[in-house]
Amino acid sequence: MNFKILPFFLVCFITFNGLFAKDIKVVCSTSDIAWLAKKIGKDKVTVTALSDGNDDPHYLDVTPKSIKLVSEADVLCFVGLELEIGWLPKVIQKSGNPKIKLNQTGYCDCSVYVQVLEKPNGPVDRSMGHVHSGGNPHYQLDPQQMAFAAKAILETLINTKPEEKDYFTKNFELLNEELIKLKANLQEKTKKLGEMKVTQYHKEMSYLIATLELNSFEAVEKVPGVSPSAERLFSFGNECKTNGVTLCLATKHSPINKLKKFNSISQIPFIQERVSLINFQNEDAYEKMMNELVDKIIQAQSEKK
Amino acid sequence: MKKGQLLFLICFLFISSSVFSQENTGMKFGINVDQVFTSDFEKDDYIYSPREVELTFYGPVNHLFDALVSAACHEERGVFNFELHEAWISSSSLVKNFEFKLGQFFLNIGRLNKVHRHEWPFITGPRYHQKFFGDEAVSDSGIEVAYQIPSNLHFSITAGLGSGRTFGHSHSAGEKPDLPTNYLRFSHFFEAFNWNGFDIGLNYLNRINGEGDQTLFFGLDFIGKKKNGSTTQHLIQNEIWFRQSSYNAGDSDTREIGSYIYYQYGFTNGWSIGSRLDYYSDLTVEDIFGNKLEHYDIRGVLSLTYQPTEFMRFKLDYSYGIEKQDGKELQQTNMLEFQVTFLLGAHPSHEF
């Protein structure tokens, strides 16, 4: 064998390896965070989501699939505020991936810049039900908070690949504009409704209610995460009626029998919708989901009138 | 002071001191309590006791290793024994796709053996499990290595070597075996039918004790889950095990087979119903003339569960079964069990 050609192959290998530099592998705990990562990283990233709109990210299983995906990730982005506390720490531990461990370059807690709602003032314990000590983690329903989450992703991507800083920053700025515009449009849409008081089944809609500047009236669940009793449904249904509540918002995971019972007691309609994306690869998936959600609220309100 | 009491005291001191010293270490701890009321209609007797109180401590040791220590207080025939369940360190960071575990642990074989009893989907294990692996599970001191084959098909191989001085539930130090406990599990995880996933495993275990008696196991385990939010809407779990035991250097041997299949349906407000069918048979029962006799034990269990949150569970199981040999009834099971389990503090999450 002629060993003189070895340096030639070596040079070719290094050159081609540089030309076809690998994308950043980004793994996200939810499809909403994955949508943000894709919008910022575009063709420089390969994004995977561990859950989508069909799953409840509080209660995912630690599967060999999620461990494998995280073990190969350059970046791990998650919602934070203890939303994934039941499963993500185990996935990180089992993955053995040093890049995405606590405070390493690829560790991205998207909640760091989020203006958190319902942050408990004092200590939290289990007698208070399913309360997150860091505050409400369901900020994906506020485009403004999504922009703050995107900022955390931007910083992580820049730290992972500093040479693409301008590319990521430009995409982030476009995304930021898009989200601010979306928020203004949604608010414009709901302005027509005038004063409106809504309640929610579980406090997963708080950010949406705040974004649309609606009046919020407690939640059907007296203790967060605990199914309401018949007595609670009866008393709260009547309370909602006397307080002028006109709509109840709920997610697909809320029990339909409880919502129907609440409706039969209070005569207040409810809408039950997905609050996370199914296909995050679609560029306009988030805008579409938010518009559909707001249209459903407007429709339910018009029917009520 | 007895050894058990000393261990209990050490754990208590550890908990109280750790409350003040665990900050910035990442260590978490929890206490699981499992209380069972059993009414045995056949024996016309009942018993109510805390079946088990388990203390668990876990967290990272350093940037490479994690550790877990758990000790449990068990009720056995009216006497409480405090014993070490698990004490191990593990690492997934040393070699890519490999996980190493060193210390004392429940062997990663089958489904029930690797999950603590208070988290089983039923109160009491199938009869074959009690006979093959004890009331709870087989734990041993040794090393276990798990390797995830790097492909998107999610195949894993787990191999382990235990000291083999004891097997199943034992309070003695045991004796040096001729062949230590060695085991292998080959498993495959897949997604299908819009369920969260399925996991199927093939198991092998072998041990020869100090007197030359060999115990050989082959098993198949399966689980499938479909969740809706916090509710496990559908759960299907199944194990089939075969045990061959050879005594007196192969002069006599027994072959037994055991299995169960469990299905659970969950409603959205914390309630679920389930049913289990168990089967156990000793394939080597003979009469005094050496003629083979038919033997089987068949049992059905109906369950009702209420789980208001993930930290508490109430369960009611009714079991009815019959054991027959050569057409004659040996014993009947007719039992009602009520279980309350709760968790104070934290508990490490389980793998699928």
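Trainee: In which order do the four strands of the open sheet in chain A stand?
Mentor: Happy to help! In this predicted model, local features need pLDDT of at least 70 and side-chain atom pairs 80 or more, while totals for chains, interfaces and linings use all residues. Residues count from 1 along each chain as written, chains are lettered from A and ligands numbered from 1 as written, and side-chain values use heavy atoms, without hydrogens or water. The strands (DSSP E runs of at least two residues, numbered from the N terminus) pair in parallel, in the order β2-β1-β3-β4.

Trainee: Which strands stand at the edges?
Mentor: An edge strand here has a single partner, so one side is left without a neighbour in the sheet. In chain A, that describes β2 (45-49) and β4 (107-109).

Trainee: What is the bridge partner of Leu76(A) in β4(A)?
Mentor: Strand β3 (residues 75-78) of chain A runs parallel to β4(A), joined by three bridges; pairing takes at least two. Across from Leu76(A), the partner in β4(A) is Tyr107(A).

Trainee: What angle does helix α2 of chain A make with β2(A)?
Mentor: Helix α2 (residues 31-41; a DSSP H or I run of at least four) packs on the sheet, touching β1 (24-28), β2 and β3 of chain A. Contact means heavy atoms within 4.5 Å. Between N-to-C directions, on a scale from 0 to 180 degrees, the angle of α2 with β2(A) is about 175°.

Trainee: At what angle do α8(A) and α9(A) cross?
Mentor: Helix α8 spans residues 230-242 and α9 residues 256-266 of chain A. Among the residues that meet are Phe234(A) in α8(A) and Phe262(A) in α9(A). The axes come within 8 Å and cross at roughly 50°.
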